Amino acid sequence: MQHEPTDFLYPFIDAQEDNPESLLADLAASARAKAAESLAVRRATLAANADLLARVTSELARRFSTGGRMFTFGNGGSSTDCTTLAGLFARPPTGKPLPAWSLTTDQAIVTALGNDVGFELVFARQLIARAQPGDIAVAMSTSGNSPNLLTALAEARRRDLYTVGFAGYDGGAFAGNPDVDACFTVASQSVHRIQEAQALLGYRLWLAVQDKCDQTVGVA
């Protein structure tokens with residue numbers, strides 16, 4: 001039988017196992033191992049990004065307080081993650097709604113731009129049409145190397161947006177990029193663990209910005 005590239009994730013699925021109890025034990029052990037790995041990566045990510053999180057929080061709160069808006073974008077699974085992040089800011093379960101939009105949610109715009117001018121420009125063109133100086137651009141990626149995200153970040157830089165990147169591995173092209181003001185990096189080789197840790201970082205960022213905005217209102 002030919003092996004699939006993802007066999008290492010679930011090696012017990014195609015195993016010749018006649019004992020259902022043994023199979024269930026393998027399944028349980030796999031779930032526990034993945035949960036433990038996920039917890040370890042998320043804890044390490046929060047610790048490694050703590051200072052950066054505080055700096056980004058302050059800048060986002062400052063920009064929101066002066067009328068800034070957030071635009072998020074990403075590809076594939078990261079497109080759903082960036083949409084979740086924008087929704088958390090715009091329609092929070094508690095606290096103050098803040099202006100945030102995902103540039104991946106309008107299929108008509110994304111497909112029109114992809115068809116007419118090229119997929120590399122699907123986010124940059126939306127920023128040209130909508131963004132203003134003082135706004136915020138958030139690019140989410142597992143690799144940090146997606147050409148359309150890098151193009152959008154460069155456009156955001158030209159328009160005086162505060163640019164934030166979420167990346168995995170070693171940060172890819174986001175890390176040390178002059179077009180990226182802040183890059184949250186999840187030091188993992190697993191796409192699953194990267195996206196789980198990025199989701200937690202996004203939640204912590206929203207929570208910290210909410211707290212910062214509340215403090216600003218209290219002082220005023």
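This report describes salt bridges, a helix end, a loop contact and surface features in a predicted model.

## Salt bridges within helices

Across the whole structure, a search finds eight salt bridges. Side chains of opposite charge can pair when their charged atoms come close. One of the eight joins Glu59 to Arg62, with 2.7 Å between the closest N and O atoms. These two residues belong to helix H2, which spans residues 50-65, and because they are three residues apart there, about one helical turn separates Glu59 from Arg62. The partners differ in their exposure class: Glu59 is buried, its relative accessible area being 17%, while Arg62 is partly exposed at 44%. The value for Glu59 falls under the 20% limit for a buried residue.

Another salt bridge is found in helix H6 (residues 147-158), where Glu155 and Arg158 lie three residues apart, about one turn of the helix. Their side chains meet with an N to O distance of 2.7 Å. Glu155 has a relative accessibility of 10% and therefore counts as buried, whereas Arg158, at 58%, counts as exposed.

## Helix H7 and its salt-bridge network

In helix H7, which comprises residues 191-219, Arg193 and Glu196 are three residues apart and so are separated by about one helical turn. A salt bridge connects Glu196 with Arg193, and its closest N and O atoms are 2.8 Å apart. Here the arginine is the buried partner, with Arg193 at 8% relative accessibility, while Glu196 is partly exposed with a relative accessible area of 30%. The pair also belongs to a network of salt bridges that links Glu37, Arg193 and Glu196.

Helix H7 also contains Tyr203, a residue that is partly exposed, with a relative accessible area of 38%. Although Tyr203 and Leu85 are 118 residues apart along the chain, the distance between their C-alpha atoms is 7.4 Å.

## The ends of helix H4

Helix H4 covers residues 107-116, and its N-terminal end is capped by Asp106. In this cap, a side-chain oxygen of Asp106 lies 3.1 Å from the backbone nitrogen of Ala108. After the helix comes Gly118, a residue with a positive phi, near 110°.

## The loop between strands E4 and E5

Which backbone atom does the side chain of Asn177 reach? The partner is the backbone oxygen of Ala173, at a distance of 3.0 Å. Asn177 itself is placed in the loop that runs between strand E4 (162-168) and strand E5 (182-186). Despite this loop position, Asn177 counts as buried, with a relative accessibility of 16%, a value under the 20% limit for that class.

## A nonpolar surface patch

On the surface, Leu23, Leu24 and Leu27 form a nonpolar patch, and together these leucines have about 250 Å² of accessible area. Leu23 is found in helix H1, which runs through residues 20-48. With a relative accessibility of 31%, Leu23 counts as partly exposed, and because patches are made of residues with over 30% relative accessible area, this value satisfies the area criterion for a patch member.

Definitions and conventions. Residues are numbered from 1 along each chain as its sequence is written. This is a predicted model: local features need pLDDT of at least 70, side-chain atom pairs count only at pLDDT 80 or more; totals for chains, interfaces and linings use all residues. Side-chain values use heavy atoms; hydrogens and water are left out. Helices (H or I, at least four residues) and strands (E, at least two) are DSSP runs, numbered from the N terminus. Buried means under 20% relative accessible area, exposed over 50%, partly exposed in between (1.4 Å probe, protein chains only). A salt bridge is a side-chain nitrogen of Lys or Arg within 4 Å of a carboxyl oxygen of Asp or Glu. A polar contact is a pair of N or O atoms within 3.5 Å; within protein, one must be able to donate a hydrogen and the other to accept it, and residues adjacent in sequence count only if both atoms are side-chain atoms. Patches are made of residues with over 30% relative accessible area and no salt bridge: like charges are joined within 9 Å, nonpolar side chains (Val, Leu, Ile, Met, Phe, Trp, Tyr) within 5 Å. Accessible areas come from the Shrake-Rupley method with a 1.4 Å probe; for residues, only the protein chains shown count as cover.
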